Amino acid sequence: MTTKPELQTEGSFVAGLAAIALFVVLGAVFMGVSFPAPAGFGEGAAITKSLGAAMFDIAPSAIMGEGETAVPGEGFLVAFEVIDIVLVAALVGAVMLARREVAGESVTLGVETTDDDDMAVAADGGPGGDES
């Protein structure tokens, strides 16, 4: 017979109150902040050319066309770093999810065993041997 799950409350009241207090403080800070109006880029700003010039360390004026203005590339550094961290985290997560374990041991490709019945197939996750 199964039993109903019980709520474990030992030691979680202090952590819960701290989380609620932090939420209230952060909510008050964000509600009281006034942000400036977005400035955007000027007319004729060549964003892609400016980023390319910054990446290859050349003068932006060398590749700008007539009527195009350069945008400082340093303003995009934080965006590139955030994207970098997110992509690395996604790659590490994909590798961890793709890793296979059978009976607590890691299964890798290229593992040779002498007994064909115990050999694990890492390609499709099915059992090894002929099971017709």
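**A salt bridge and its surroundings in a three-helix, two-strand chain**

The side chains of E68 and K49 come together in a salt bridge, with 3.0 Å from N to O. Because E68 belongs to the loop between helix 2 and helix 3 while K49 sits in helix 2, the pair ties together parts that are 19 residues apart in sequence. Both partners can be placed with respect to the surface: E68 is partly exposed, at a relative accessible area of 31%, and K49 is likewise partly exposed, at 33%. A search of the whole structure, which is a predicted model, finds one salt bridge.

The wider setting is a protein chain with three helices and two strands, arranged from the N terminus in the order α-α-α-β-β. Confidence in the prediction can be followed along this chain. Its mean pLDDT is 80, and 74% of the residues reach 70 or more. Among the elements, helix 1 has the highest mean pLDDT, 93, and strand 1 (residues 101-102) has the lowest, 67.

Helix 2, the home of K49, deserves a closer look. This helix covers residues 47-55, and S50, L51 and A53 are buried in it. These three residues span an arc of only 160 degrees around the axis, which puts them on the same side of helix 2. What do the buried residues of helix 2 pack against? Their partner is helix 3, residues 77-98. On the face turned away from the buried side, helix 2 carries the exposed residues T48 and M55. After helix 2 comes D57, with a positive phi near 55 degrees.

Helix 1 offers a view of the surface. This helix comprises residues 13-32 and includes F23. Is F23 buried or exposed? With a relative accessible area of 65%, F23 is exposed, because a value over 50% counts as such. F23 also takes part in a nonpolar surface patch, together with L17, I20 and V24. The accessible area of the patch adds up to about 470 Å².

Some totals complete the picture. The protein chain has 132 residues, of which 7% count as buried. About 11,700 Å² of the chain is exposed, and 66% of this area is supplied by carbon and sulfur atoms. Contacts can also be sorted by how far apart the residues lie in the sequence: among those between residues at least 6 apart, 26% join residues at least 24 apart.

Technical notes: Residues are numbered from 1 along each chain as its sequence is written. Side-chain values use heavy atoms; hydrogens and water are left out. Buried means under 20% relative accessible area, exposed over 50%, partly exposed in between (1.4 Å probe, protein chains only). Helices (H or I, at least four residues) and strands (E, at least two) are DSSP runs, numbered from the N terminus. The arc is that of the directions from the helix axis to the C-beta atoms. Contact means heavy atoms within 4.5 Å. Accessible areas come from the Shrake-Rupley method with a 1.4 Å probe; for residues, only the protein chains shown count as cover. Patches are made of residues with over 30% relative accessible area and no salt bridge: like charges are joined within 9 Å, nonpolar side chains (Val, Leu, Ile, Met, Phe, Trp, Tyr) within 5 Å. A salt bridge is a side-chain nitrogen of Lys or Arg within 4 Å of a carboxyl oxygen of Asp or Glu. pLDDT is the predictor's confidence in each residue, from 0 to 100.
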